[in-house]
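Colleague: I am new to this model and would like a close look at one of its chains. Could you walk me through it?

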Amino acid sequence: MTDAPETPAKPKKRLTRRELERRRMLMRSVGAGFAAVAASLVGLYPVMTRIFDRLRPPGAIPEKQFLAACIKCGQCVQVCPVEAIKLGDGDEGYGLGVPYIDARKQACDFSCDAVQCVLACPTGALTHDIATKEEVDIGFARLARPDACLAMKGDGFKGLARGADFEGLLRYEEIDRWDPQPVASYEYDLEICDLCVRECPIENAISLEPVSDDPDDKRRMPVVHEACVGCGTCEMMCPTEPAAIVVDTGLALARGEA
Amino acid sequence: MRWYLHKLAMMFGTLPRKATPAEETDRARDMKRFQKTPDEVKKRKAAIQDEHDNPVFSRKWLYRRWASIIIINALFIVSFTWDVQLVEGSLTASRFLGFHMADPNAALQVTLAYKELMLNLLIGTATVIGLWWIVGGRAFCSWVCPYHLIAEWAEALHLWLHRKGWVKDHPFHRGLRVVLWVIFMALAWFTGYTVFEYINPVGIVSRALIYGPTIALMWVAFLLGIEVFFSRRFWCRYVCPIGLTYGITGAVAPVQVKYDLSKCLHEGECRQVCLVPHVLEITKMGYASDTEEFIGPDCTRCGLCIDVCPQDALSFTVRGLDKII
């Protein structure tokens, strides 16, 4: 017998089955909440690292605001007569469901006679402040590979601009103003390749300039002017592979990467 | 009023409970007492036996609803594929015969992220809110949402596996949906991105139907996997903020499912088929507050309970109109 009274062991509170179930359920719920938020934040990565630097449709406000204001409905996709506008996929992060243009595959050639996509946009993501194609500011064209450019070599071009398998469309006004034709259906025979200048839908946006003072020198350089709206028709039509002329996005230009 | 507030609170995650004596009408109290008289108990037992001997089986509302989901989503597809301008766009925003429509949940996120009110969006959202206020907010879920339809099939698979004893249902707290709603709206505001749209299966499925399949569908497949193997109707019950937004939209909707206490045998078949069974707790013996009452805000007006009830104790009704006719 000990005189010091034993401190009674703290009675372990046994949870009933019901309480245990409820506790598990609550833990599960907290876990699921974190998982859902974490999954949604995965989309931040491609946006931050700019894995995709996309050309946006005419009238698009600056990229960061554009991703916010776009409601991801695709109405701009539906009105484009040449189907130049595509929607981003899950690998583009918050660019999921956001419209872009892959100019090399199908440029915005203004077959619609100006900015149907802007009129279709239910938010202000494609700003209604513009009404003509000259006001568009998708990006800016740049002769990225002068060595490959046929005009720079003084070469001509004969045949289909992008080969027989190319699916892109272009407005050939002399054939049918209202029905864009497949680029693959139109044969060229050019003494000096001037496809980028010839098919540009904007006036005074691009011109071929002599490379030297020698009048016998056939070489010409495509020079992009201030009027360029970045529609990408030159990039689509360029017959070299990859294209000698490309369009830089506004974001790339702002960061001085172009 | 207090009873209605309780139903509203239930949408935000509180547990269902019995109507307190103060919330009970005299009619309801008398009816409950009457149903407990030995004579009535005997009658009820006989009626239940009769049900088991001659089971009736209806899928009236199920088929109408499936037709509605399929037709509405097909209209979107047809409009784009054949360029007939009926409903252009997708479920996040569209034009129906030229009229703007916008999903209030997506519109709210866009507004919070962009921090500017846009007129077209406001018009579109107001139209949709007006429309869904009439038919009852979450009717969007069961009569329009394409994910809902796929999830119903996944649910059927889950229930089949459950009967075989191969899977178990793991419930979650319904308050989760409210917490996530607040978090996603806050994220839209603070990050400036429509964060939730990245994991929104409704938008992903709707766009995939209209514009072609995307790799984002893998996320939808993952969610369906959870619903089949882990938790019955996980997304719609515990997560989807769109459902909550529409629920708020139709909190006092004219179109309601009405419960008739005098016809009810309290078997609970309705609660077994329901997506949101907490709204049907009133069908438990002694739980109702009145002899006739509306199911309430969180109900998706899917009609499964109406189909399954052998006593026609549940029915669609239009608030106010049912008294006139």
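What percentage of the contacts in chain B with a separation of 6 or more comes from residues 24 or more positions apart?

Modeller: Happy to! This is a predicted model, in which local features need pLDDT of at least 70 and side-chain atom pairs count only at pLDDT 80 or more, while totals for chains, interfaces and linings use all residues. Residues are numbered from 1 along each chain as its sequence is written, with chains lettered from A and ligands numbered from 1 in the order in which they are written.

Residues 24 or more positions apart account for 73% of those contacts in chain B; a contact means that two C-beta atoms, placed from the backbone, lie within 7 Å. The chain has 16 helices and six strands (DSSP runs, H or I of at least four residues and E of at least two, numbered from the N terminus). Its C-alpha atoms fill a box of roughly 65 × 45 × 35 Å along the principal axes. The radius of gyration of chain B is 21 Å, which agrees with the value near 20 Å for a compact globule of 325 residues (taken over C-alpha atoms; the rule is 2.2 Å times the number of residues to the power 0.38). Of these residues, 46% are buried, with 20 or more other C-beta atoms within 10 Å (12 or fewer is exposed, in between partly exposed).

Now zoom in on two helices of chain B. The axes of α10 (residues 201-211) and α11 (residues 217-229) come within 9 Å and cross at roughly 125°, so α10(B) is oblique to α11(B) (under 35 degrees is roughly parallel, over 145 roughly antiparallel, 65 to 115 roughly perpendicular, the rest oblique). On the α10(B) side, B:P201, B:I204, B:V205 and B:A208 make the contact, meeting B:L217, B:W219, B:V220 and B:L223 of α11(B). By class, eight residues there are nonpolar, with no polar and no charged ones (Ala, Val, Leu, Ile, Met, Phe, Trp, Tyr, Cys and Pro are nonpolar, Asp, Glu, Lys and Arg charged, the others, Gly among them, polar).

Finally, look towards the partner chain. The contact takes 45 residues from chain B and 36 residues from chain A. Our helix α10 appears here too: among the elements of chain B that each supply at least two residues to the side touching chain A are α10, β1 (87-90) and α9 (175-191). The largest share, five residues, comes from α5(B). That side of chain B divides into 28 nonpolar, 13 polar and four charged residues.

Terms used:
Axes fitted to C-alpha atoms, helices over the stretch in contact; angles between N-to-C directions.
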